[in-house]
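Colleague: I've got the model open and I'd like to go through the labels one by one. Can you show me where each comes from?

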Amino acid sequence: MDARVTSVSFTMHGIGVSSGIAIGHAHLFIGMSTEVDQYEVAQGEILREQRRYDRAVKEVRDELKELADSVRHSAASELAPFVKVHLMLLEDSAFTDAPREIIRERHVNAEWALRQQLDELSAQFADIEDPYLREREEDVRQVAERVLEALAGTKRRITAKPPRGEDPPILVARELSPADVILFREHPFGAFITDLGGATSHTAIMARSLNMPAIVAMHHGRGMIREDELIIVDGTQGVVIVNPDKHVLAEYRLKQNEARIEREKLKRLKSAPAATLDGTTVQLFANIELPADVEPVRASGATGVGLFRSEFLFMNRRDQPDEEEQFEAYRSVVEGMKGMPVTIRTLDIGNDKPIDGQESTAVNPALGLRAIRYCLAEPHVFNTQLRAILRASKFGKVLILIPMLSTWAEITQALLAVAAAKEQLRSENIKFDDYVPVGAMIEVPAAAIALPMFIRKLDFLSIGTNDLIQYTLAIDRADDAVAHLYDPLHPAILSLIAGVIRTAQQHEKPVAVCGEMAGDVELTRLLLGFGLRNFSMHPAHVLTVKQRVLSTSLPDIAAIVARILKTDEPERLQALMEKLNS
Ligand code: PEP
Ligand code: MG
């Protein structure tokens, strides 16, 4: 029983991972479960129970058809075949007839009958050798779950919900995967809050790139907030106010308006060149996940793409994109950027971004076969991607960025793979830019420490601060239990970043920062003081960072930055940071 009195106002705290204020009604994202109750159905009720089952199947069929239509021409079109498989399964007699028979023969409720049928199907799958067919078991399970949820009258997955009044609904979930967040593009949500997750998890990064306020690590949000309750999400402060009274609501509406006006003002900076007060030019590039992101990049005034997380092309689908499909995706970005540089990072799969159907069984996937390690272990996948990227290089200015490099052998093998892909294209008379620069993400501490070998062998460097912090401080970036320990200002991190930038500059090797630190306006001056001249961030932050660059004088900040680098006392560091940003 719910002990809470209706409409009691209360406040909850989490980690704000995407700033801004959203006000709207809660929409609960219910996780999937196949745990069901069993009860007996009397002889006279059998027909009615069978009809109840039929209605649930029909409801799911309609839902899937609608989903198939809505994804077909959208950014998530790769979902279409996946939905089709589910529709086909639902038409099979294993779903349409068998559970009805079980209801009739065993006099049980529809949920239990379907559960029994699912167990029988699972037992049959266990005997199948073919890995592709065995994988279909997951599809069968998901279809069964949809029917169970239709029977229970609950919602599953992320479904659209019409806004009440002007405000789009707020998604409240226990946990969301990066793939779930991609689906947000299909549904207008005002914000999301999750019980789990860390600040630099890819889920959080996606929220920022969608310019959507978000809070993670709420711990009890899913249990405390009820469907349709009015909530305020303050992504900047990490605060959620449930059932606000009218004064609080008015206050937040005002703040929301002020932020809107501020955003409009910032837009005027779009075409202003990014330079410091003393005239030093700074490059502000953008990070993207999918080709559709080019539009916000252009709107932000960013002058290039510093990180295209290509692995998002591989998500929310059962198969992998072939060379042609990848080529088209890369080409559309390159053409969309109209001659501005586009840095395509090769597949950074693994960790919190598994390829569907290849769920990692590693004990610690962050330290496992991810990124370049995966690509070198799957040369065919790597080769396909490199060929597609090289082919796209003919249409603009492309750079190739390799993630997670840490050893000499990996660098050598990655470069050989690029050379081999070039050789293949040459022998097939396919045109590409022969001078495509190849760079390394500096995101494993080993790379930052042994930098000269990267400087010698690669054309440019890009510091991935998200992983560099994760690995240096031994903090899983997606784990809410240690999220509070994730500290970009830890002296070890500052010393590594400053060292990488300094060494790269001494060797005249271009160096960028493309982790979340690059888009944090509170760190802009610090990074400028370290010597950074190339930032890559989510498009939503480009103008705010530009404003800070425009108001910074490099000679004025040099002494404070030098003191920050010598400090290891948090309070002193905090005071110096405040001084730097004042
Ligand atoms: C990083 O690690 O800082 C980075 C930019 O890459 P990702 O967040 O995709 O791991
Ligand atoms: Mg990384």
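Colleague: Why is Lys338 called exposed?

Modeller: This is a predicted model, so take every value as computed from it. The relative accessible area of Lys338 is 64%, and the label "exposed" needs over 50%, so Lys338 earns it. Lys338 lies in the loop between α12 and β11 (341–345).

Colleague: And what is the phi of Lys338?

Modeller: Near 45 degrees, a positive value in a residue other than glycine. Glu508 also has a positive phi, near 55 degrees, and again the residue is not glycine.

Colleague: How do you know whether Glu508 is buried or exposed?

Modeller: Set its value against the cut-off: Glu508 has a relative accessible area of 72%, and exposed means over 50%, so Glu508 is exposed. You'll find Glu508 in the loop between α19 (491–506) and β15 (511–513).

Colleague: Back to α12. Why does Glu323 count as buried?

Modeller: Buried means under 20% relative accessible area. Glu323 comes out at 16%, so it falls on the buried side. Its place is in helix α12 (residues 323–336).

Colleague: What makes the pair Glu323 and Arg391 a polar contact?

Modeller: The distance between the side chains of Glu323 and Arg391 is 2.8 Å. The limit for a pair of N or O atoms is 3.5 Å, and within protein one atom must be able to donate a hydrogen and the other to accept it. The side-chain pair of Glu323 and Arg391 is listed as such a contact.

Colleague: Now the metal. Which residues are the protein donors of the magnesium ion (ligand 2), and what makes them donors?

Modeller: They are Glu443, through OE, and Asp467, through OD, lying 2.0 to 2.1 Å from the ion. A donor here is an N, O or S atom within 2.8 Å of the magnesium, so both residues qualify. Glu443 lies in the loop between β13 (438–442) and α16 (445–449), while Asp467 is in helix α18 (residues 465–472), so the pair ties together parts that are 24 residues apart in sequence. One caution: water is not among the atoms, so sites may look incomplete.

Colleague: Are those two donors buried or exposed?

Modeller: Buried. Glu443 has a relative accessible area of 2%, and Asp467 has 2% as well. The cut-off is under 20%.

Colleague: Why do you say α18 is largely enclosed by the rest of the structure?

Modeller: Because seven of the eight residues of α18 are buried. Among them are Thr465, Asn466, Leu468 and Tyr471. Just after α18, Ala474 takes a positive phi of about 55 degrees.

Colleague: What surrounds ligand 1?

Modeller: There are 17 residues around ligand 1, and the closest are Arg309, Arg345, Gly464, Asn466 and Arg477. The elements that each supply at least two residues of this shell are α8 (202–209), β10 (305–309) and α18. The largest share, three residues, comes from α18.

Colleague: Which side chains have a polar atom by an oxygen of ligand 1, and at what distance?

Modeller: For Arg345, a polar side-chain atom lies 2.8 Å from an oxygen atom of ligand 1. An N or O atom in the side chain of Glu443, one of the magnesium donors, is 3.0 Å from a ligand oxygen. For Arg477 the distance is 2.7 Å. Taken alone, ligand 1 exposes 290 Å², and the protein buries 100% of that.

Colleague: Where does ligand 1 sit?

Modeller: In the largest cavity. To be placed there, more than half of a molecule's atoms must lie within 2 Å of the cavity's grid points.

Colleague: Last few. Why is Ile475 called buried, but Arg253 partly exposed?

Modeller: Ile475 has 4% relative accessibility, and under 20% means buried, so the label fits. Ile475 is in the loop between α18 and α19. Arg253, in helix α10 (residues 246–266), has 33%. That falls between the 20% and 50% limits, so Arg253 is partly exposed.

Colleague: How does Pro296 come out?

Modeller: Partly exposed too, at 36% relative accessibility. Pro296 is found in helix α11 (residues 294–300). Pro296 and His538 are 242 residues apart in sequence and 9.3 Å apart in space, C-alpha to C-alpha.

Note on methods: Residues numbered from 1 in each chain as written. Chains lettered and ligands numbered in written order. Predicted model: local features only at pLDDT ≥ 70, side-chain atom pairs only at ≥ 80, totals over all residues. Heavy atoms only, no water. Donors = N, O, S within 2.8 Å, 3.2 Å for Na, K, Ca; no water. Helix = DSSP H or I, 4+ residues; strand = E, 2+ residues; numbered from the N terminus. Buried < 20%, exposed > 50% of the residue type's maximum accessible area, 1.4 Å probe, protein only. Near = heavy atom within 4 Å. Areas by Shrake-Rupley, 256 points an atom, 1.4 Å probe, with all protein chains shown as cover. 1 Å grid on protein atoms, 1.4 Å probe; cavity = no way out; pocket = protein on both sides within 12 Å on 5 of 7 lines; lining within 4 Å.
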